[in-house]
Amino acid sequence: MAKRFKSSGIAPLLILFVFIMTLATRLFNLTSGSSVDEIFMKTIVAQIVIFALPALFYIRTRDDKYFANINVSAMIPSKTLFLIYTLGVLVIGSMLIQFVVYALGGQEYAVSTTGQELSAISETSGFSYVFLALCLVPAICEEFVFRGILLYEYSGYGKFCAITLSSLAFAMLHFDTNGFLSYFFCGIVLGSAYYITQNLFITILLHLANNLFSIYAIPLVSQMILGSGSMLFSLFILISLFLLTLTLALREASIIYWEYSVGDALMKKNEKEQKGRTRGIYAITEVFLSPVFLICALLFTVMSIFVF
């Protein structure tokens with residue numbers, strides 16, 4: 001049987017389509033409206049058209065077991081602690097990145113452009129609108145594309161290449177230079193969580209919870225920290241909490257991974273990945289120097305410099 005990455009030629013086209021459609025909505029302001037209801041409805045429809053429908057069409061082009069291989073099953077209670085600790089890593093890590101960006105670039109770079117927009121919208125909108133349009137739907141749609149399809153299709157090149165590629169694509173897709181590092185970090189954490197748990201439902205929950213924190217909690221806490229007189233003490237607290245949650249998350253990850261390793265299910269599922277690890281530097285260059293990835297990187301760079 002041919003390796004998966006040899007037969008997934010249309011996966012790059014999916015990435016390019018998502019990039020072009022997202023860029024079109026930003027350039028032409030397609031999600032604007034005269035009322036709050038109209039704005040949120042257009043946002044939901046745009047997410048479905050850009051992510052959900054292409055993802056479903058892509059899955060239909062693959063074999064019958066493709067959706068099962070992505071694995072969107074209910075969360076096992078034993079993974080609850082991992083979910084909680086990993087969410088802590090996501091939230092606190094994002095705040096640490098904002099802290100570093102503030103120290104290097106100043107107040108205007110401390111909060112991402114997208115974060116500022118979402119925070120402003122949440123102040124004038126009801127929770128149900130914000131939860132559905134800005135938290136739940138994006139979490140489901142984006143996870144299916146970036147942690148579901150992309151990680152599965154590129155796992156033949158090894159975990160490092162698959163996670164890094166999906167994280168870079170995820171960060172560039174937001175066309176937000178201020179928040180690029182935060183989005184990239186979130187992609188790394190979510191991709192790692194998917195490989196550890198082998199369950200897309202967990203990454204959807206993490207993404208959803210992180211969106212809620214990003215809109216309602218992180219901007220408030222960040223402003224409190226940046227406006228305080230004891231920046232060094234705040235940095236010490238953030239680093240301590242980040243290391244604590246990271247240590248606890250890694251401990252739970254080792255337990256989960258051990259549970260998988262005692263059986264042969266995970267070994268069979270990752271058979272193509274084990275073969276792909278021997279490709280080394282050739283796999284890295286083949287993934288990150290592919291025409292589609294370079295086009296997406298060029299679009300992100302040009303739009304960030306000259307448009308957004």
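Let's start with a pair of charged residues: glutamate 143 and arginine 147 are both buried. Their side chains meet in a salt bridge, with N and O 2.7 Å apart. Both residues belong to helix α7, where they sit 4 residues apart, about one turn of the helix. Side chains of opposite charge can pair when their charged atoms come close. Keep in mind as you look around that this is a predicted model.

Now step back to the whole chain. How many helices and strands does the chain have? There are 16 helices and 0 strands. Of its 308 residues, 50% count as buried. The chain exposes about 15,000 Å², and carbon and sulfur atoms supply 72% of that area. Contacts also link distant parts of the sequence: among those with a separation of 6 or more, 83% are between residues 24 or more positions apart.

How confident is the prediction, and where does that confidence vary? The mean pLDDT of the chain is 79, and 77% of the residues reach 70 or more. Among the elements, helix α9 (residues 180–197) has the highest mean pLDDT, 93, while helix α1 (residues 4–7) has the lowest, 43. Over residues 1–7 the pLDDT stays under 50, and for this stretch the model has 13 contacts beyond four places in sequence.

Let's move inside. In soluble globular proteins, nonpolar side chains tend to be buried together. Here, the largest nonpolar core has 85 residues, and those with the most contacts inside it are Phe19, Phe51, Phe146, Ile149, Tyr154 and Leu206. Helix α7 (residues 127–154), which you met at the start, gives this core its largest share, 15 residues.

Pick out phenylalanine 19 from that list and look at what surrounds it. Leaving aside neighbours within four places in sequence, phenylalanine 19 is in contact with Ala169, Met172, Leu173, Phe175 and Cys296. One of these partners, phenylalanine 175, deserves a visit of its own. Phenylalanine 175 lies in the loop between α8 (159–173) and α9. Is phenylalanine 175 buried or exposed? Its relative accessible area is 3%, under the 20% cut-off, so phenylalanine 175 counts as buried.

The backbone of phenylalanine 175 is worth a look too. Most residues other than glycine have a negative phi. Phenylalanine 175 is not a glycine, yet it has a positive phi of about 45 degrees. Glutamine 198 is another residue other than glycine with a positive phi, near 55 degrees. You can find glutamine 198 in the loop between α9 and α10. With a relative accessibility of 4%, glutamine 198 counts as buried.

Follow the chain from that loop into helix α10 (residues 200–216), and you come to isoleucine 202. Why does isoleucine 202 count as buried? The reason is that its relative accessibility is 0%. Apart from neighbours within four places in sequence, isoleucine 202 is in contact with Met75, Lys79, Leu83 and Thr197. Isoleucine 202 also takes us back to our opening pair: isoleucine 202 and glutamate 143 are 59 residues apart in sequence, but 9.9 Å apart in space from C-alpha to C-alpha.

What about other charged pairs? A search of the whole structure finds 3 salt bridges. Besides the one in helix α7, there is a salt bridge between glutamate 252 and arginine 251, whose closest N and O atoms are 3.1 Å apart. Glutamate 252 counts as buried because its relative accessibility is 8%. Another salt bridge joins the side chains of glutamate 38 and lysine 42, at 3.2 Å from N to O. Glutamate 38 and lysine 42 both lie in helix α3, 4 residues apart, about one turn of the helix. Glutamate 38 is partly exposed, at 30% relative accessibility, and lysine 42 is partly exposed as well, at 32%.

Stay with helix α3 (residues 36–61) for our last stop, leucine 53. Leucine 53 is partly exposed because its relative accessible area is 48%. Together with Met41, Val45, Ile48, Val49 and Leu56, Leu53 forms a nonpolar patch on the surface, with about 510 Å² of accessible area together.

Methods: Residues numbered from 1 in each chain as written. Predicted model: local features only at pLDDT ≥ 70, side-chain atom pairs only at ≥ 80, totals over all residues. Heavy atoms only, no water. Patch = residues over 30% accessible without salt bridge, like charges linked within 9 Å, V, L, I, M, F, W, Y side chains within 5 Å. Areas by Shrake-Rupley, 256 points an atom, 1.4 Å probe, with all protein chains shown as cover. Salt bridge = Lys/Arg side-chain N within 4 Å of Asp/Glu carboxyl O. Helix = DSSP H or I, 4+ residues; strand = E, 2+ residues; numbered from the N terminus. Buried < 20%, exposed > 50% of the residue type's maximum accessible area, 1.4 Å probe, protein only. pLDDT = per-residue confidence, 0-100. Contact = heavy atoms within 4.5 Å. Core = buried A, V, L, I, M, F, W, Y, C linked by side-chain atoms within 4.5 Å.
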